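Here is a short report on one protein model. It starts with the cysteines, then turns to charged pairs, the nonpolar cores and the overall fold.

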Amino acid sequence: MKQLKRANGTGSVYKLSGRRTRPYVAMVTTYYSTNYDGSKTKRLQKRTPLGYFRTRDEAMLALLEYNRNPYELSENDITFAELYDAWSAEHYKGLSASAIRTYKSAYSYFSPIHELKFKNIRPRDIERCINKAEVHSATKKRMKSLCGLLYDFAIKNEIIGVNYARLCNNVKSDPPKYDRVPFKDDEIKLLWKHRNDPYVGFILVALYTGMRPGELVELKKHNVNLREKYFVGGFKTEAGTDRIIPIHDKIYAIISDYYQKSVDNSDGNLFISDNGNNISYFQYRRIFKNIMDRFGMSHLPHDTRHTFISLAKEAGMDEYILKLIVGHAIEDITERVYTHRNIEALRREIAKIK
């Protein structure tokens, strides 16, 4: 964290690491305690967050106002969102991008209680958020797990004394049922007519690779090999992590365009927005919905993956190569041992999709 220097006793402003909505924290000294160490006496500061802010100026202004008119401040006034920011600054260190994404996803579904004081939140509030979230059971379990970690963090920092997440027993874990609807031929043709729209191109790449939306947005530029027409990406399962995915000839130009567009972002993601920033999973979902609404289509983001698998089977793609490309586990022990298919074989099979 980068600290901004101020006069002694007037507090300080830090910028928390990572990407967050309120990255700046204003800290103030609420009191001093005395620590005796043999013959030495030390004055120890008790520092408390004044609040978490979107910009440095907001944090500095809050600090200035506090110093002009100090008021009683307690960590017990911290909100759910502020506690999450403080917790994630420590917890996200060393975590993989995919693990961080799942926590961020779980956190987003607690938006109804983001601004509530953490000490006032009760099990029913947590249960209500989890039960209202239209997500699969795995995400609901992650939501409950996140709350448990937040409460442990709060107890450790003497903000609260009870882990209410452990009392959340009225949680419905039945996943919502989604009907996977593959794109029709005329819908795919309509998308191709608008392929110059960069975000439509994004969806076309999803249709011709079978990648999960989360895998697509996190595809790294340095994992793309334009010369040999393939890239390495994917996560979620052992079979799906860092798999080789051939680039279909129909989307080669789109991939190449994105590659050139992100020329100054060599260590970042392949797919970036018009302003040069990475596209998050939640932004992709919003982009996808906007395009579906614009063209009068009714699909969910994962329908692109279902469409690719359907088209591959209809085209007679080799069963095991299809599993390699989409990251499905191979049950046949013999085939699993001999799955060192070369790039040319993968490209030959994916070319069967017309």
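## Cysteines

This model is predicted. A search across the whole structure turns up zero disulfides. Why do Cys129 and Cys147 not form a bond? The sulfur of Cys129 has its closest cysteine sulfur in Cys147, and at 7.9 Å that is too far for a bond. The cut-off for a disulfide is 2.5 Å between the sulfur atoms. Cys147 has a closest cysteine sulfur of its own, in Cys168. That separation is 6.6 Å, again too far for a bond.

Are these cysteines buried or exposed? Cys129 counts as buried, at 6% relative accessibility. Cys147 is buried too, with a value of 0%.

## Salt bridges

The structure holds 13 salt bridges. Three of them are set out here, with the distance between the closest N and O atoms.

| Pair | Closest N and O atoms |
|---|---|
| Asp257 and Arg195 | 3.9 Å |
| Lys289 and Asp293 | 2.9 Å |
| Arg347 and Glu344 | 2.7 Å |

Take Asp257 and Arg195, which form a salt bridge at 3.9 Å. This pair links distant parts of the chain, 62 residues apart. Asp257 sits in helix H9 (residues 249-261). Arg195 lies in the loop between helix H6 (185-193) and H7. Both ends are partly exposed: Asp257 has a relative accessible area of 45%, and Arg195 has 22%.

The bridge between Lys289 and Asp293 is a local one within helix H10 (residues 281-294). Why can these two side chains meet along the helix? They are four residues apart, so about one helical turn separates them. Asp293 is partly exposed, at 48% relative accessible area.

Arg347 and Glu344 also share a helix, H14 (residues 343-350). Their spacing is three residues, about one turn of the helix. Arg347 counts as partly exposed at 23% relative accessibility. Glu344 is partly exposed as well, at 41%. Elsewhere, salt bridges with shared partners tie Arg212, Glu215 and Arg243 into one network.

## Nonpolar cores

Which residues touch the most other members of the largest nonpolar core? They are Leu191, Ile255, Phe271 and Phe308, in a core of 49 residues. Helix H7 (residues 198-207) supplies the largest share of this core, with seven residues.

Phe308 shows how such a member is surrounded. Leaving aside residues up to four places away in sequence, Phe308 touches Leu207, Tyr208, Thr209 and Gly210, among others. Its further contacts are Met317, Leu322, Ile325, Val326, Ile350 and Ile353.

There is also a second, separate core, this one of 39 residues. Its members include Met27, Trp87, Leu146 and Phe153.

## The whole chain

How many helices and strands does the protein chain have? The count is 14 helices and seven strands. The protein chain runs to 354 residues, and 44% of them count as buried.

Contacts over long stretches of sequence are frequent. Among contacts between residues at least 6 apart in sequence, 61% join residues at least 24 apart. The exposed area of the protein chain is about 19600 Å². Carbon and sulfur atoms supply 48% of that area.

Definitions and conventions. Residues are numbered from 1 along each chain as its sequence is written. This is a predicted model: local features need pLDDT of at least 70, side-chain atom pairs count only at pLDDT 80 or more; totals for chains, interfaces and linings use all residues. Side-chain values use heavy atoms; hydrogens and water are left out. A nonpolar core is a set of buried Ala, Val, Leu, Ile, Met, Phe, Trp, Tyr and Cys residues joined through side-chain atoms within 4.5 Å. Buried means under 20% relative accessible area, exposed over 50%, partly exposed in between (1.4 Å probe, protein chains only). Contact means heavy atoms within 4.5 Å. Accessible areas come from the Shrake-Rupley method with a 1.4 Å probe; for residues, only the protein chains shown count as cover. A salt bridge is a side-chain nitrogen of Lys or Arg within 4 Å of a carboxyl oxygen of Asp or Glu.
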